[in-house]
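Q: Please take a close look at one part of this structure, starting from a single position in a strand and working outward to the surrounding elements. I would like the answer as one connected account that I can follow with the model open beside me.

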Amino acid sequence: MLHNLHVKNLALIDEAEVDFSSGLNILSGETGAGKSIIIGSIGIAVGGKVSKDIVRKDADYALVELVFSVDDMVKGKLEAMDIPMEDSQVILSRRISGGRPVAKVNSESVSAAKLKEVSALLIDIHGQHEHQSLLSQKNHLHILDAYAKKELKNLKASLSEAYRSYQELKNELKEASLDTEQRARELAFLQYEAEEIENANLTIGEDEELESKYRRFSNAKKIMGSIGQVYQLTAEGASDQTGRALQELAGISAYDEQAAQLESQLMEVDNLLNDFNRELASYMQDTEFDEGQFYEIEKRLDFINGLKAKYGGPIEYILSEYEKKTARIEKLGDYDAYLEGLQQRLSQSEAKLESLCTKASKIRKRQAAELAKKIKSALIDLNFLDVQFEMQLTRKQEYTASGWDEAEFLISTNPGEPIKSLAKIASGGELSRIMLAIKAVLADCDEIGTLIFDEIDTGISGRTAQMVSEKMNVISKDHQIICITHLPQIAAMADAHFLIEKQAKQNHTVTNIRKLDAAESVAELGRMLGGAKITDTVLRSAEEMKDLAAATKNSLT
């Protein structure tokens with residue numbers, strides 16, 4: 001249930017807050033008062049499109065926030081979607097600043113896709129022009145599947161996966177259908193490339209090792225010059241001087257204990273220096289510049305870099321490409337066996353897809369008969385007295401991810417008229433009632449708690465309007481309904497009545513919404529009945545309409 005709507009700096013709304021009730025919530029007001037803005041703001045909060053000029057002029061940002069309460073089942077589904085839930089309250093918010101909307105669910109930022117996924121469990125918005133979608137036949141199957149979702153949900157998931165696998169095999173077989181000359185050319189080219197990679201004897205990390213050696217050889221002359229100078233200074237210079245110094249100390253160490261200690265220390269220095277010179281000599285021997293070896297390193301490195309440029313990746317990628325090419329060579333080498341195996345897998349995939357389509361079609365045919373029967377009953381409640389309503393299922397020529405079924409609503413609204421396609425018969429007002437009938441039937445099997453109807457009463461009046469109001473009242477027993485209407489018959493049924501009005505405020509226009517008390521609700525009904533001039537007679541008619549609505553609600557309880 002939607003408890004609260006808070007809107008700030010959105011279009012003509014400066015700031016508005018509404019606390020909705022359970023049951024039937026009616027929103028009414030003069031034409032142009034901003035009724036569509038209120039419903040539009042809810043649409044934005046649940047992930048709808050945001051226009052560039054939606055933020056109120058001179059405001060830095062716009063904000064829409066919805067507060068819902070949910071039952072344990074919906075709470076469990078939201079927790080499974082990783083939505084933080086401390087209690088049974090869900091807060092959806094969307095802030096628009098600098099043209100960029102930021103969505104949050106229970107104060108946690110989410111993507112627009114995630115926001116729509118969450119809101120789909122909470123609210124269903126039926127806009128002013130949605131009934132026109134009934135004229136598109138492709139939507140009829142969606143309505144049937146929504147009605148039969150408990151039986152079809154898992155089956156449709158399996159069907160979608162089977163269709164994806166079937167399409168992949170079908171495309172592979174199409175690509176595999178090469179003529180002999182094409183196959184020979186591809187095989188020859190693949191064999192050449194595979195042989196080139198194989199003969200290269202590549203090893204992972206080889207290029208990095210070669211580059212290190214190449215840098216070392218490139219600077220070998222400078223390295224050898226410096227190392228030679230160091231060796232000359234230490235082995236030929238410092239070592240000789242240290243040796244002569246030891247001889248001098250050896251001649252006096254027997255006469256003086258401190259001189260003997262100095263001799264011992266210098267001997268350690270001499271030993272360290274000799275060790276250093278031996279390691280230095282070994283390094284000089286290992287780093288001797290070999291022009292032939294340098295040429296081979298450079299040649300090998302150029303060859304590897306050429307392969308990397310040709311195949312578009314490092315050595316790991318080249319070796320991976322080699323495996324793909326050898327696998328393709330194996331297929332082409334025994335192509336008839338490959339094609340036969342591929343055809344066999346495609347046949348198995350098609351058989352599985354066919355089986356799933358058959359199961360889905362059987363469920364749809366059974367559920368279509370039930371749905372058509374319930375919609376017909378709902379249409380009779382909405383003043384279609386001699387209506388005939390059916391749902392026709394036919395098989396498409398091609399498979400789809402939803403199966404092979406194609407659905408179409410058929411209707412006859414007058415006695416003696418043959419049943420025909422909905423698009424060829426129904427008027428605008430009839431389409432509104434048909435959509436309401438469908439919504440009423442789907443609501444019985446729907447877990448969504450809040451339904452919004454934006455001027456569902458388009459094109460109807462009189463007795464038909466009264467029957468629409470009664471149907472809305474019936475739906476509101478199990479669902480919270482928020483309805484914008486211009487018909488007093490529907491407004492009279494309200495459990496809570498809200499007025500949307502436009503006012504001038506500090507040299508600019510704002511839209512406000514407020515809840516009406518009993519007397520104000522009667523006055524608003526009078527305005528809807530009488531237009532510009534509301535007489536005492538009109539008000540008495542409004543009071544009588546309100547009393548009759550209350551009596552009707554009690555009789556329907």
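A: In this predicted model, Thr511 counts as buried because its relative accessibility is 0%, whereas the cut-off for that word is under 20%. Thr511 belongs to strand β15, which covers residues 508-515. If neighbours within four places in sequence are set aside, the contacts of Thr511 are Leu12, Ile13, Ala33, Gly34, Ile37, Ile500, Glu501 and Lys502.

Two of these contacts lead on to other parts of the model. Ile13 falls within the range of β2 (13-19), an edge strand that pairs on one side only, and Ile37 is among the residues of a nonpolar core of 45 residues, which also includes Phe68, Val90 and Ile482. The largest nonpolar core, which lies apart from that one, has 55 residues, and Leu134, Leu379, Met472 and Cys483 have the most contacts inside it. Helix α14 (residues 428-444) supplies the largest share of this core, namely 10 residues. For Met472, the contacts beyond four places in sequence are Leu24, Leu436, Phe453, Ile456, Ile481 and Cys483.

The strand β2 opens the way to its sheet. This open sheet is built from 6 strands in the order β2-β1-β4-β5-β6-β7, with antiparallel pairing. At the other edge from β2 stands β7 (108-110), which likewise pairs on one side only, and the twist from one strand to the next averages 15 degrees. Strands of a sheet in general pair through backbone hydrogen bonds, in either a parallel or an antiparallel sense. Within this sheet, β4 (residues 61-69) and β5 (residues 89-97) run antiparallel and are joined by 9 bridges; Leu63 has Arg95 of β5 as its bridge partner, and Ala62 stands opposite Ile96 in β5. On its other pairing, β5 meets β6 in the antiparallel sense over 6 bridges, where Arg94 has Ala103 of β6 as its bridge partner. The strands β5 and β6 form a hairpin with 2 residues between them, and Gly98 in the turn has a positive phi of about 65 degrees. Helix α3 (residues 112-119) lies across β5, β6 (100-105) and β7, and runs at about 145 degrees to β5.

The turn residue Gly98 is also one of the contacts of Asp60, together with Val55, Ile96 and Ser97, once neighbours within four places in sequence are left aside. Asp60 sits in the loop between α1 (35-45) and β4. Is Asp60 buried or exposed? With a relative accessible area of 67%, Asp60 is exposed, because exposed here means over 50%. From Asp60 to Gly462 the C-alpha distance is 47 Å, with their positions 402 residues apart in sequence.

Another open sheet, of 3 strands, has the order β9-β10-β11 and antiparallel pairing. Its edge strands are β9 and β11 (420-421), each of which pairs on one side only, while β9 and β10 pair in the antiparallel sense over 9 bridges. One position in this pairing is Glu390, whose bridge partner in β10 is Leu410. Helix α5 packs on this sheet by touching β9 and β10, with its direction at about 35 degrees to that of β9. Helix α12 packs on the sheet as well, touching β9 and β10, with its direction at about 165 degrees to that of β9.

The helix α5 (residues 149-176) can be followed along its length: 28 residues span 39 Å from the first C-alpha to the last, close to the 40 Å expected at 1.5 Å a residue. A kink of about 30 degrees is centred on Leu155. That residue is also buried, as are Leu152, Leu159, Ala162, Tyr166, Leu169, Leu173 and Ala176 of α5. The cover over the buried residues of α5 includes α4 (138-147) and α12 (335-381), together with the strands β9 (388-400) and β10 (403-412).

Key:
Residues are numbered from 1 along each chain as its sequence is written. This is a predicted model: local features need pLDDT of at least 70, side-chain atom pairs count only at pLDDT 80 or more; totals for chains, interfaces and linings use all residues. Side-chain values use heavy atoms; hydrogens and water are left out. Helices (H or I, at least four residues) and strands (E, at least two) are DSSP runs, numbered from the N terminus. Buried means under 20% relative accessible area, exposed over 50%, partly exposed in between (1.4 Å probe, protein chains only). Contact means heavy atoms within 4.5 Å. A nonpolar core is a set of buried Ala, Val, Leu, Ile, Met, Phe, Trp, Tyr and Cys residues joined through side-chain atoms within 4.5 Å. The expected span of a helix is 1.5 Å times one less than its number of residues. The bend at a residue is the angle between axes fitted to the seven residues ending there and the seven starting there. Two strands pair if DSSP finds at least two bridges between them. Axes are lines fitted to C-alpha atoms, for helices over the stretch in contact, and angles run from 0 to 180 degrees between N-to-C directions.
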